[in-house]
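Please open the model in your viewer and keep the sequence panel visible beside it. This tour proposes one selection after another and states what is found at each stop.

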Amino acid sequence: MREIVTRYIAGESARAIAEDLDARGIPTSQGATWRSTTIRGILLSPRIAGLRSHRGEVVAKAVWDPIITLEERQQVLNVQESNKTTGKRSPRSYLLSGMLRCGKCGGKLFSSPRVNERRYVCQSGPDHRGCGGIMINADKTEEWLAAAVLYRLDTADMEAVLTGQRAQDDRYTVLAEQRAQLQSKMTELTVMWTDGDISRVEWKTARDRLEGQLTGVDQQLSRLTSATALDRLVGNGEALRAGWDGMTLERQHSIVRAVLDYATIVPATVNRFDPTRIHPVWVL
Ligand SMILES: [Zn+2]
């Protein structure tokens, strides 16, 4: 369950996690094969965060030990919310999709396979509006950047990242508290209105303001979420490297994503693959 939660927070889809668990021969608690609905059921269950629910509403803290923290539960809910708003992603086929930029125009590079070669290119034309001036071999770029990411997970620089991470965790606690306060104000407000202490107009005005503040807090929370995935990867570069080829593309992507913000590809100066063309910008 912990693995499912960690991987979901790191950006893998429920379907990819289900497929991977099946591929590894891990059965569900009922001994069945995994479905994305089973995964989602676990993720959204208040029970794993040590909460009791009644008819879908969380009513109290339970007496059993939680498997995940309340913070992690909030992260799961944030990811689920942002998946809802962005719509379902199409299956990924290129490891670095969305993470490479053109060194000439700054536009995103797109995957563009040729008969014998997978490539990332800056695409011109009405759909993409790039300059069309950059192209790089996909296999070699992926191999190079994945190695750099895994190496980085094990190097001393990451200590600094983790220090930043802890500052973020503190920030998370503050935001989560703000959120809880706003929500209880909202409840209070509704009680005041139903009791007739305030008019409908007063209720609506106050509610709109609270909702605006809630949205702001939620946006900050979900920005923090993506960085938190790093925490469990740091120091594990070697182990991840050993299992890298057996991982799903989505899992690989979420690991790279946690470490690499983006990489700019500058124009070629020699007629072969040249890793100095890759300029990574690391997360944090
Ligand atoms: Zn370009």
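A residue is called buried when its relative accessible area is under 20%, exposed when it is over 50%, and partly exposed in between, using a 1.4 Å probe and protein chains only. Helices (H or I, at least four residues) and strands (E, at least two) are DSSP runs, numbered from the N terminus.

The structure is a predicted model, in which local features need pLDDT of at least 70 and side-chain atom pairs count only at pLDDT 80 or more, while totals for chains, interfaces and linings use all residues. Residues are numbered from 1 along each chain as its sequence is written, and side-chain values use heavy atoms, with hydrogens and water left out.

**The whole protein**

Begin with the cartoon view. The protein has nine helices and eight strands. Of its 284 residues, 38% count as buried. A contact means heavy atoms within 4.5 Å. Among contacts between residues at least 6 apart in sequence, 57% join residues at least 24 apart.

**Stop 1: the enclosed helix**

Select residues 249-259, which form helix 9. Is this helix enclosed or exposed? Nine of the 11 residues of helix 9 are buried, so the rest of the structure largely encloses this helix. Among the buried residues are His-253, Ile-255, Val-256 and Val-259. To see what surrounds them, display helix 1 (2-9), helix 2 (14-23), helix 5, helix 8 (237-243), strand 7 and strand 8, against which the buried residues of helix 9 pack.

**Stop 2: the sheet of strands 3, 7 and 8**

Next, select strand 7 (residues 260-265). Five of its six residues are buried, so strand 7 is also largely enclosed by the rest of the structure. Two strands pair if DSSP finds at least two bridges between them. Now add the partners: an open sheet of three strands has the order 3-7-8, with mixed pairing. Strand 3 and strand 8 (278-282) are the edge strands, each pairing on one side only. Neighbouring strands of this sheet are turned by 25° against each other on average, direction ignored.

Which sense of pairing joins strand 3 to strand 7? These two strands pair in the parallel sense, over three bridges. Strand 7 and strand 8, by contrast, run antiparallel and are joined by five bridges. Select Ala-263 in strand 7: Leu-100 stands opposite this residue, and in strand 8 its bridge partner is Pro-280. Leu-260 stands opposite Trp-282 in strand 8.

Two helices cross this sheet. The angles quoted for them run from 0 to 180 degrees between N-to-C directions of axes, which are lines fitted to C-alpha atoms, for helices over the stretch in contact. Helix 9 lies across strand 7 and strand 8, at about 85° to strand 7. Helix 5 (residues 138-153) lies across strand 3, strand 7 and strand 8, at about 35° to strand 8.

**Stop 3: the sheet of strands 4, 5 and 6**

Keep helix 5 displayed, for it also lies across strand 5 and strand 6, running at about 70° to strand 6. Strands in the order 4-5-6 form an open sheet of three with antiparallel pairing. Its edge strands, strand 4 (109-111) and strand 6, each pair on one side only. Strand 4 is joined to strand 5 by three bridges, and Ser-111 stands opposite Tyr-120 in strand 5.

**Stop 4: the zinc ion**

Select the zinc ion and show the side chains around it. Which atoms coordinate the zinc ion? They are the SG atoms of Cys-102, Cys-105, Cys-122 and Cys-131, at 2.2 to 2.3 Å. Donors are N, O and S atoms within 2.8 Å of the metal (3.2 Å for Na, K and Ca); water is not among the atoms, so sites may look incomplete. Along the chain the donors follow the spacing C-x2-C-x16-C-x8-C. Cys-102 in strand 3 (residues 100-102) and Cys-131 in the loop between strand 5 (119-122) and strand 6 (135-137) are 29 residues apart, and the pair links distant parts of the chain. Cys-102 is buried, with a relative accessible area of 2%, whereas Cys-131 is partly exposed at 37%.

**Stop 5: Ile-134**

Finally, select Ile-134, in the loop between strand 5 and strand 6. With 3% relative accessibility, Ile-134 counts as buried. Leaving aside residues up to four places away in sequence, Ile-134 touches several residues, including Cys-102, Cys-122, Tyr-120 and Val-266. The C-alpha atoms of Ile-134 and Val-266 are separated by 7.4 Å, although these residues are 132 apart along the chain.
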